[in-house]
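Dear colleague,

I am handing over the structure below, and I would be grateful if you could look through it alongside the notes that follow.

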Amino acid sequence: MAHTVLLILLSATIGFSSAALVEEQPLVLKYHNGILLKGNVTLNLVWYGKFTSIQRSIIVDFIRSLSSSAVPSKGPSVASWWKTTEKYKGGSSKIVVGKQLLLENYPLGKSLKSPYLRALSGKLNGGGVRSITVVLTAKDVAVEGFCMNRCGTHGAKARSVNSGAYVWVGNSETQCAGYCAWPFHQPMYGPQSPPLIAPNGDVGVDGMIINLATLLVNTVTNPFKSGYFNGGNQEAVSVCTGMFGSGSYPGYAGRVLVDKTTGASYNALGLAGRKYLLPAMWDPQTSKCKTLV
(Lines give C-alpha, C1' and ligand atoms only; values in the text may rest on other atoms or scores of the structure.)
Protein backbone atom coordinates (compact mmCIF):
# COMPACT_ATOMS: atom_id res chain seq x y z
CA MET A 1 0.00 0.00 0.00
CA ALA A 2 1.24 3.44 -0.85
CA HIS A 3 2.39 5.29 2.17
CA THR A 4 4.63 8.12 3.20
CA VAL A 5 7.57 7.62 5.44
CA LEU A 6 8.70 10.70 7.31
CA LEU A 7 12.20 10.98 8.65
CA ILE A 8 12.50 13.80 11.13
CA LEU A 9 15.99 15.10 10.77
CA LEU A 10 17.96 17.99 12.17
CA SER A 11 20.21 19.94 9.87
CA ALA A 12 21.81 23.32 9.50
CA THR A 13 20.24 25.53 6.89
CA ILE A 14 22.78 25.89 4.10
CA GLY A 15 23.17 27.81 0.89
CA PHE A 16 25.18 30.56 -0.65
CA SER A 17 24.29 33.11 1.98
CA SER A 18 26.38 35.89 3.40
CA ALA A 19 25.02 35.22 6.88
CA ALA A 20 27.81 34.49 9.33
CA LEU A 21 25.60 32.49 11.66
CA VAL A 22 23.40 29.68 10.38
CA GLU A 23 20.39 28.77 12.47
CA GLU A 24 19.56 25.08 12.83
CA GLN A 25 16.03 24.00 12.10
CA PRO A 26 14.10 20.72 11.89
CA LEU A 27 14.16 19.02 8.50
CA VAL A 28 11.57 16.60 7.18
CA LEU A 29 12.45 14.26 4.30
CA LYS A 30 9.34 12.81 2.70
CA TYR A 31 9.46 9.45 0.94
CA HIS A 32 6.57 9.07 -1.45
CA ASN A 33 4.66 5.83 -2.11
CA GLY A 34 7.00 3.85 0.12
CA ILE A 35 9.12 3.06 -2.99
CA LEU A 36 12.88 3.30 -3.21
CA LEU A 37 15.03 2.16 -6.11
CA LYS A 38 17.00 -0.69 -4.54
CA GLY A 39 18.74 -3.74 -5.99
CA ASN A 40 19.98 -3.62 -9.58
CA VAL A 41 19.02 -0.28 -11.16
CA THR A 42 19.43 0.26 -14.90
CA LEU A 43 20.59 3.75 -15.86
CA ASN A 44 19.96 4.90 -19.44
CA LEU A 45 21.50 8.05 -20.92
CA VAL A 46 20.06 10.53 -23.43
CA TRP A 47 22.70 13.01 -24.66
CA TYR A 48 20.90 16.06 -26.04
CA GLY A 49 23.15 18.32 -28.09
CA LYS A 50 26.85 18.10 -28.74
CA PHE A 51 29.11 16.47 -26.17
CA THR A 52 32.68 15.48 -26.96
CA SER A 53 33.70 11.86 -26.52
CA ILE A 54 35.89 12.96 -23.59
CA GLN A 55 32.95 14.69 -21.89
CA ARG A 56 30.81 11.59 -22.31
CA SER A 57 33.54 9.34 -20.92
CA ILE A 58 33.98 11.54 -17.81
CA ILE A 59 30.28 11.12 -17.00
CA VAL A 60 30.00 7.43 -17.92
CA ASP A 61 33.13 6.60 -15.92
CA PHE A 62 31.54 8.32 -12.92
CA ILE A 63 28.34 6.31 -13.26
CA ARG A 64 30.25 3.04 -13.62
CA SER A 65 32.33 3.95 -10.58
CA LEU A 66 29.26 4.15 -8.33
CA SER A 67 28.86 0.40 -7.97
CA SER A 68 32.36 -0.69 -8.92
CA SER A 69 34.02 -3.39 -6.83
CA ALA A 70 37.45 -2.10 -7.87
CA VAL A 71 38.86 -0.33 -4.83
CA PRO A 72 41.46 2.45 -5.36
CA SER A 73 44.88 1.69 -3.88
CA LYS A 74 44.50 4.63 -1.54
CA GLY A 75 42.07 7.43 -0.94
CA PRO A 76 38.26 7.65 -0.82
CA SER A 77 36.32 6.26 -3.77
CA VAL A 78 33.15 7.07 -5.66
CA ALA A 79 31.83 3.66 -4.60
CA SER A 80 32.45 4.37 -0.90
CA TRP A 81 30.53 7.64 -1.29
CA TRP A 82 27.61 5.77 -2.89
CA LYS A 83 27.55 3.16 -0.11
CA THR A 84 25.91 5.69 2.21
CA THR A 85 22.70 5.12 0.20
CA GLU A 86 22.63 1.62 1.70
CA LYS A 87 21.76 3.18 5.05
CA TYR A 88 18.42 4.30 3.66
CA LYS A 89 15.42 2.01 3.79
CA GLY A 90 15.72 -0.99 1.49
CA GLY A 91 19.47 -1.53 1.33
CA SER A 92 21.86 -1.11 -1.59
CA SER A 93 21.29 0.18 -5.12
CA LYS A 94 23.63 -1.22 -7.77
CA ILE A 95 23.77 1.07 -10.79
CA VAL A 96 24.23 -0.62 -14.16
CA VAL A 97 24.70 1.45 -17.34
CA GLY A 98 22.02 0.54 -19.85
CA LYS A 99 21.23 2.14 -23.22
CA GLN A 100 22.61 5.40 -24.57
CA LEU A 101 21.08 7.70 -27.18
CA LEU A 102 22.93 10.57 -28.89
CA LEU A 103 20.71 13.42 -30.16
CA GLU A 104 23.35 15.75 -31.55
CA ASN A 105 21.06 17.45 -34.08
CA TYR A 106 18.81 19.11 -31.44
CA PRO A 107 15.52 17.55 -32.68
CA LEU A 108 13.46 19.70 -30.28
CA GLY A 109 15.53 22.83 -30.80
CA LYS A 110 17.87 24.59 -28.39
CA SER A 111 15.25 25.98 -26.03
CA LEU A 112 13.40 23.27 -24.11
CA LYS A 113 10.25 23.55 -22.02
CA SER A 114 9.98 21.35 -18.93
CA PRO A 115 7.62 18.77 -20.52
CA TYR A 116 10.23 18.13 -23.21
CA LEU A 117 12.59 16.67 -20.60
CA ARG A 118 10.18 13.90 -19.62
CA ALA A 119 9.42 13.33 -23.31
CA LEU A 120 13.13 12.93 -24.07
CA SER A 121 13.49 10.44 -21.22
CA GLY A 122 10.73 8.39 -22.83
CA LYS A 123 12.87 7.83 -25.92
CA LEU A 124 14.77 5.13 -24.04
CA ASN A 125 12.94 2.34 -22.27
CA GLY A 126 14.26 -0.66 -20.45
CA GLY A 127 14.51 -1.71 -16.86
CA GLY A 128 10.93 -0.95 -15.88
CA VAL A 129 10.29 0.45 -12.43
CA ARG A 130 13.92 -0.17 -11.44
CA SER A 131 15.34 2.15 -14.06
CA ILE A 132 16.49 5.75 -14.33
CA THR A 133 16.78 7.59 -17.63
CA VAL A 134 19.15 10.54 -17.41
CA VAL A 135 18.73 13.40 -19.89
CA LEU A 136 21.88 15.49 -20.25
CA THR A 137 21.69 18.79 -22.15
CA ALA A 138 24.71 20.43 -23.79
CA LYS A 139 26.06 23.86 -22.89
CA ASP A 140 24.24 25.61 -25.74
CA VAL A 141 20.81 24.27 -24.76
CA ALA A 142 18.52 26.51 -22.72
CA VAL A 143 16.00 24.75 -20.47
CA GLU A 144 13.01 26.30 -18.75
CA GLY A 145 14.04 27.33 -15.24
CA PHE A 146 17.70 26.43 -15.80
CA CYS A 147 20.05 28.89 -14.07
CA MET A 148 17.10 30.73 -12.57
CA ASN A 149 15.84 28.27 -9.97
CA ARG A 150 17.32 24.88 -10.82
CA CYS A 151 20.38 23.03 -12.11
CA GLY A 152 18.56 19.75 -12.69
CA THR A 153 15.46 17.80 -11.77
CA HIS A 154 14.10 14.30 -11.15
CA GLY A 155 10.75 12.55 -11.04
CA ALA A 156 8.65 9.79 -12.59
CA LYS A 157 8.94 9.27 -16.37
CA ALA A 158 5.16 8.87 -16.66
CA ARG A 159 2.00 8.81 -14.57
CA SER A 160 2.65 5.15 -13.83
CA VAL A 161 5.75 4.50 -11.70
CA ASN A 162 6.20 1.25 -13.66
CA SER A 163 8.01 3.20 -16.37
CA GLY A 164 10.78 4.18 -13.97
CA ALA A 165 12.30 7.50 -12.99
CA TYR A 166 14.06 10.23 -14.92
CA VAL A 167 16.75 12.79 -14.16
CA TRP A 168 17.76 15.90 -16.08
CA VAL A 169 21.04 17.80 -15.68
CA GLY A 170 22.28 20.66 -17.85
CA ASN A 171 25.79 21.87 -18.70
CA SER A 172 26.02 25.34 -17.18
CA GLU A 173 29.50 26.28 -18.47
CA THR A 174 28.42 29.19 -20.65
CA GLN A 175 25.10 30.00 -18.99
CA CYS A 176 25.54 30.07 -15.22
CA ALA A 177 28.68 28.29 -14.03
CA GLY A 178 28.65 30.41 -10.87
CA TYR A 179 25.23 29.00 -10.00
CA CYS A 180 25.35 25.39 -11.19
CA ALA A 181 29.10 24.63 -11.36
CA TRP A 182 30.28 26.12 -8.07
CA PRO A 183 32.91 25.67 -6.58
CA PHE A 184 34.67 25.50 -9.97
CA HIS A 185 33.59 29.07 -10.75
CA GLN A 186 33.11 32.23 -8.72
CA PRO A 187 29.66 32.09 -7.11
CA MET A 188 26.99 34.33 -8.58
CA TYR A 189 25.86 35.39 -5.11
CA GLY A 190 27.08 35.40 -1.54
CA PRO A 191 30.60 35.11 -0.14
CA GLN A 192 33.28 35.22 -2.83
CA SER A 193 36.25 32.86 -2.72
CA PRO A 194 38.70 31.69 -5.40
CA PRO A 195 37.23 28.88 -7.52
CA LEU A 196 38.65 25.39 -7.27
CA ILE A 197 40.31 23.75 -10.26
CA ALA A 198 37.99 21.17 -11.82
CA PRO A 199 39.40 17.63 -11.46
CA ASN A 200 38.72 16.66 -15.08
CA GLY A 201 39.63 20.04 -16.53
CA ASP A 202 36.08 20.81 -17.62
CA VAL A 203 34.14 23.27 -15.44
CA GLY A 204 30.83 22.50 -17.11
CA VAL A 205 31.08 18.71 -16.98
CA ASP A 206 32.65 18.57 -13.52
CA GLY A 207 29.76 20.76 -12.38
CA MET A 208 27.34 18.34 -14.05
CA ILE A 209 28.91 15.51 -12.03
CA ILE A 210 28.07 17.32 -8.77
CA ASN A 211 24.46 17.86 -9.84
CA LEU A 212 24.10 14.37 -11.33
CA ALA A 213 25.49 12.81 -8.15
CA THR A 214 23.02 14.85 -6.10
CA LEU A 215 20.03 13.90 -8.20
CA LEU A 216 20.93 10.21 -8.49
CA VAL A 217 21.02 9.87 -4.71
CA ASN A 218 17.79 11.85 -4.39
CA THR A 219 16.26 9.56 -7.02
CA VAL A 220 17.19 6.18 -5.52
CA THR A 221 16.06 7.34 -2.07
CA ASN A 222 12.94 9.21 -3.25
CA PRO A 223 12.40 8.24 -6.90
CA PHE A 224 8.90 9.30 -7.78
CA LYS A 225 8.76 12.65 -6.06
CA SER A 226 9.14 15.39 -8.62
CA GLY A 227 11.96 17.59 -7.40
CA TYR A 228 14.65 19.91 -8.66
CA PHE A 229 18.08 20.81 -7.45
CA ASN A 230 18.93 24.43 -6.79
CA GLY A 231 20.84 24.11 -3.54
CA GLY A 232 17.78 24.32 -1.33
CA ASN A 233 15.70 21.17 -1.68
CA GLN A 234 15.32 18.92 1.34
CA GLU A 235 16.44 15.55 0.00
CA ALA A 236 19.33 13.19 0.76
CA VAL A 237 22.08 15.28 -0.86
CA SER A 238 20.35 18.57 -1.60
CA VAL A 239 20.13 19.27 2.12
CA CYS A 240 23.94 19.14 2.26
CA THR A 241 24.44 21.61 -0.59
CA GLY A 242 27.80 23.36 -0.69
CA MET A 243 29.57 20.80 1.52
CA PHE A 244 32.43 18.86 -0.07
CA GLY A 245 34.95 18.50 2.74
CA SER A 246 35.30 18.90 6.47
CA GLY A 247 35.02 22.41 7.86
CA SER A 248 32.79 23.66 5.04
CA TYR A 249 30.55 26.69 5.47
CA PRO A 250 28.55 28.88 3.05
CA GLY A 251 30.92 30.01 0.31
CA TYR A 252 33.68 27.58 1.36
CA ALA A 253 33.64 24.01 0.00
CA GLY A 254 35.67 22.59 2.88
CA ARG A 255 39.03 20.84 3.10
CA VAL A 256 39.38 18.60 0.06
CA LEU A 257 42.21 16.74 -1.65
CA VAL A 258 44.43 18.46 -4.21
CA ASP A 259 46.23 16.82 -7.12
CA LYS A 260 49.91 17.69 -6.74
CA THR A 261 50.44 17.85 -10.50
CA THR A 262 47.39 19.74 -11.76
CA GLY A 263 46.30 21.55 -8.61
CA ALA A 264 42.77 20.22 -9.16
CA SER A 265 40.50 19.65 -6.18
CA TYR A 266 38.75 16.31 -5.61
CA ASN A 267 37.50 14.02 -2.87
CA ALA A 268 36.78 10.73 -4.65
CA LEU A 269 38.65 8.35 -6.96
CA GLY A 270 36.85 6.58 -9.79
CA LEU A 271 37.49 4.10 -12.57
CA ALA A 272 40.09 4.79 -15.28
CA GLY A 273 42.10 6.91 -12.85
CA ARG A 274 39.39 9.56 -12.71
CA LYS A 275 39.04 12.05 -9.86
CA TYR A 276 35.76 13.66 -8.88
CA LEU A 277 34.45 16.21 -6.40
CA LEU A 278 31.27 14.83 -4.82
CA PRO A 279 28.85 16.54 -2.45
CA ALA A 280 28.21 15.53 1.15
CA MET A 281 25.34 13.11 1.70
CA TRP A 282 22.88 13.02 4.57
CA ASP A 283 23.61 9.99 6.77
CA PRO A 284 20.29 8.83 8.28
CA GLN A 285 22.10 6.89 11.01
CA THR A 286 24.07 9.83 12.37
CA SER A 287 21.63 12.57 11.27
CA LYS A 288 24.54 14.54 9.82
CA CYS A 289 25.89 15.51 6.42
CA LYS A 290 28.70 13.05 5.66
CA THR A 291 31.74 14.05 3.60
CA LEU A 292 34.40 11.73 2.23
CA VAL A 293 37.27 13.86 3.51
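**Buried side of α3**

In this predicted model, helix α3, which spans residues 114-121, has Leu-117, Leu-120 and Ser-121 as its buried residues. Because these residues cover an arc of only 100° around the axis, they are on the same side of α3.

**Backbone geometry in the loops**

The remaining points concern the backbone, and it helps to recall that most residues other than glycine have a negative phi, and that most peptide bonds are trans.

Tyr-106, although it is not a glycine, has a positive phi of about 50°, and this residue lies in the loop that runs between β4 (93-103) and β5 (111-112). Since buried means under 20% relative accessible area, Tyr-106 counts as buried with its relative accessibility of 11%.

Cys-147 is likewise a residue other than glycine with a positive phi, here near 75°, and its place is the loop between β7 (142-143) and β8 (152-156). The relative accessible area of Cys-147 is 17%, so this residue is buried.

As for the peptide bonds, the one leading from Trp-182 to Pro-183 is cis, its omega being near 15°. Pro-183 itself is found in the loop between α4, residues 177-180, and α5, residues 203-221.

When you open the file, the places to inspect are therefore the buried residues of α3, namely Leu-117, Leu-120 and Ser-121, the positive phi of Tyr-106 and of Cys-147, and the cis bond from Trp-182 to Pro-183.

With best regards

Note on methods. Residues are numbered from 1 along each chain as its sequence is written. This is a predicted model: local features need pLDDT of at least 70, side-chain atom pairs count only at pLDDT 80 or more; totals for chains, interfaces and linings use all residues. Side-chain values use heavy atoms; hydrogens and water are left out. Buried means under 20% relative accessible area, exposed over 50%, partly exposed in between (1.4 Å probe, protein chains only). Helices (H or I, at least four residues) and strands (E, at least two) are DSSP runs, numbered from the N terminus. The arc is that of the directions from the helix axis to the C-beta atoms.
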